[in-house]
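Me: Could you take a close look at one part of this model for me, the surface near the RNA? I'd enjoy one connected answer that starts from the overall layout and ends with the backbone details.

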Amino acid sequence: MSNLQPVRGTHDLLSEGRKRHRHVEDVAMATSALYGFEEMATPIFEFTDVFARTLGDTSDIVTKEMYTFETKGGESITLRPEGTAGVARAFISNGLAQHAPIKAFYKGPMFRHERPQKGRQRQFHQIGVELIGVEGPQADIEVIALATHILASLGLSASVTLELNSLGDIESRAAFRSVLLDYFKVYESDLSDDSLGRLGKNPLRILDSKDEGDRKIIEGAPDFADHLNDASKAFIDAVQQGLSDLSIPYTRNVKLVRGLDYYCHTAFEFTTTSLGAQGTVLAGGRYDGLIKQMGGPSTPGVGWAAGIERLAMLSDVSLTKNRPISVVPVSSDLTRKAQTLVQDLRKTGLFIEFSFTGNMKKRLKRADKSNARAAVILGEDELKDGNVVLRDLDSGEQDIISLSDVAQTLTSKYG
RNA sequence: GCGGGUGUAGCUCAGUUGGUUAGAGCGCCUGAUUGUGGUUCAGGAGGCCGUGGGUUCAAUCCCCAUCACUCGCCCCA
């Protein structure tokens with residue numbers, strides 16, 4: 001085995017794997033188009049500030065998982081760990097506020113220096129959407145409806161469940177934060193080390209701790225839903241009502257929180273139990289403060305991102321391969337003639353395979369291996385009369401047809 | 001970043017209680033006379049037994065380290 005390994009946490013996508021990713025991307029993009037979302041491609045790296053200032057200095061992503069480096073010009077650059085910040089920056093850079101609302105779809109690689117696991121890589125791929133410039137809950141509903149639609153189109157409706165929560169507005173969150181702090185302070189000595197660390201930084205995160213001891217304490221913790229102010233309550237109620245109207249099943253999970261600081265109000269997550277520890281397949285929420293925080297005009301937004309690798313693992317659709325038609329010269333003297341025919345046939349839109357080397361037997365063997373449905377065999381005897389042999393590789397039947405009719409015959413028979 | 005498991009042919013895996021030339025299945029290549037694939041038969045190629053170090057007369061096997069994958073924690077998509 002060669003010692004040339006790819007960098008830890010990165011993977012090559014060969015034909016089959018790439019096809020599966022492609023399928024996810026295609027379905028997601030086509031479905032998003034039905035909702036008026038257009039693809040937006042932002043750079044794979046940004047100035048470090050774009051992420052550092054927006055994701056929150058308590059998030060692990062910023063504190064220890066970013067690929068940050070200095071350019072020759074002395075600028076600090078970071079490989080994007082997620083997509084929203086880049087889209088928000090593009091929104092500001094391009095003055096898109098005047099075109100709001102903006103509906104953006106994106107796909108591509110993201111980079112996070114984490115310990116690799118199943119469904120977790122250092123370079124991974126996401127699809128995502130952002131709906132920027134709509135204040136009301138209709139936007140949240142539309143974006144969740146789109147996510148549901150895409151997952152359904154990928155055949156994942158049954159393997160995935162939607163959880164929903166409200167993180168409230170700034171006022172509600174601040175209020176709840178202090179209530180939570182008071183509650184957890186009492187149990188300070190019993191909390192896990194991880195949660196103890198979160199107590200000072202982001203006590204909300206304690207709510208989704210998996211630690212046994214923590215869970216017991218959390219059971220009795222105050223409920224965020226009881227501490228939302230009227231506006232926040234009305235907002236999440238409207239979202240829930242909208243989902244019900246659209247018959248989108250969900251469960252309210254008051255313990256659901258977000259790792260990134262820019263979220264408010266609606267937070268949601270589609271999870272699965274069949275992917276082990278990395279159960280989150282698609283997640284997102286509302287980020288009304290983000291664009292202003294980045295220095296743009298105060299603009300609300302809501303969106304989500306999904307991991308392509310995780311979706312591809314869940315979606316076991318059998319991808320059908322196109323079957324080619326093989327052109328086979330009987331002798332090497334006919335190679336040039338065959339090559340010409342191949343080119344003509346391809347120009348008519350047919351999928352033609354043509355071996356670079358080998359005698360007739362080898363070429364037919366390869367045709368079979370490529371799952372070709374038919375072979376056009378060029379032999380001296382037939383060519384004298386301007387004919388070729390057309391062999392159906394499934395049935396083994398073969399006819400002699402005129403060279404001038406090949407394209408038409410193939411198209412009507414196999415096209 | 002922390003803890004557990006794994007690492008032998010392109011793939012899936014045996015195996016050596018430390019001892020000459022490390023095996024199977026699949027795949028790959030060649031052949032079974034004339035211009036015909038799939039099936040069959042015969043033959044063949046391909047392994048520094050993940051990498052580096054240690055113990056030993058001797059290591060693929062034991063010990064240490066390291067790298068990668070994997071499971072859990074963490075994090076999140």
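Reply: **Domains and the RNA surface**

The C-alpha centres of domain 1 and domain 2 lie 50 Å apart. This is a predicted model, and its chain A is divided into domain 1, covering 15-169 and 229-314, and domain 2, covering 325-414. It helps to keep those bounds in mind as we turn to the RNA.

There are 51 residues around RNA strand B, and R198, T280, K369, D381 and L393 come nearest. Of the strand's atoms that come within 4 Å of the protein, 53% belong to sugar and phosphate. As for the chemistry on the protein side, the residues of this surface divide into 23 charged, 14 polar and 14 nonpolar.

Which elements build the surface? At least two residues each come from β6 (123-132), α7 (193-201), β10 (280-286), β11 (301-307), α13 (360-369), α14 (380-384) and β15 (387-392). The largest share, 7 residues, is supplied by α13. If you set these elements against the domain bounds, β6, β10 and β11 fall in domain 1, while α13, α14 and β15 fall in domain 2. Helix α7 sits in the stretch outside the bounds of either domain.

Individual polar pairs add some detail to this picture. The side chain of Q126 places an N or O atom 2.6 Å from a sugar or linking oxygen of RNA strand B. The side chain of R310 does likewise, with an N or O atom 2.9 Å from a sugar or linking oxygen of the strand. With D394, a polar backbone atom is what lies 3.3 Å from a base nitrogen of the RNA. Q126 and R310 belong to domain 1, and D394 belongs to domain 2.

Stepping back from the RNA, how do some of the helices of domain 1 pack against one another? Helix α5 (residues 137-153) takes part in two of the crossings described here. Its axis comes within 9 Å of the axis of α9 (residues 230-245), and they cross at roughly 40°, which means α5 is oblique to α9. That crossing is right-handed. Helix α1 (residues 15-34) also has an axis that comes within 9 Å of that of α5, with a crossing angle of roughly 140°, so α1 is oblique to α5. Here too the crossing is right-handed.

A further pair brings together α2 (residues 48-55) and α4, whose axes come within 10 Å and cross at roughly 110°. That angle makes α2 roughly perpendicular to α4, and α2 passes α4 in a right-handed crossing.

Two backbone details are worth a look in the loops that follow helices you have just met. After α4 (84-93), the loop leading to β5 (102-111) contains P101, and a cis peptide bond joins A100 to P101, with omega about 0°. After α9, the loop leading to β8 (251-252) contains S247. This serine has a phi near 55°, a positive value in a residue other than glycine.

Methods: Residues are numbered from 1 along each chain as its sequence is written. Chains are lettered from A and ligands numbered from 1 in the order in which they are written. This is a predicted model: local features need pLDDT of at least 70, side-chain atom pairs count only at pLDDT 80 or more; totals for chains, interfaces and linings use all residues. Side-chain values use heavy atoms; hydrogens and water are left out. A residue is near a molecule or strand if one of its heavy atoms lies within 4 Å of it. A polar contact is a pair of N or O atoms within 3.5 Å; within protein, one must be able to donate a hydrogen and the other to accept it, and residues adjacent in sequence count only if both atoms are side-chain atoms. Helices (H or I, at least four residues) and strands (E, at least two) are DSSP runs, numbered from the N terminus. Ala, Val, Leu, Ile, Met, Phe, Trp, Tyr, Cys and Pro count as nonpolar, Asp, Glu, Lys and Arg as charged, and the others, Gly among them, as polar. Domain bounds come from an automatic or database domain assignment. Axes are lines fitted to C-alpha atoms, for helices over the stretch in contact, and angles run from 0 to 180 degrees between N-to-C directions. Angles under 35 degrees count as roughly parallel, over 145 as roughly antiparallel, 65 to 115 as roughly perpendicular and the rest as oblique. A crossing is left-handed if the near helix is turned anticlockwise from the far one by less than a right angle, and right-handed if clockwise.
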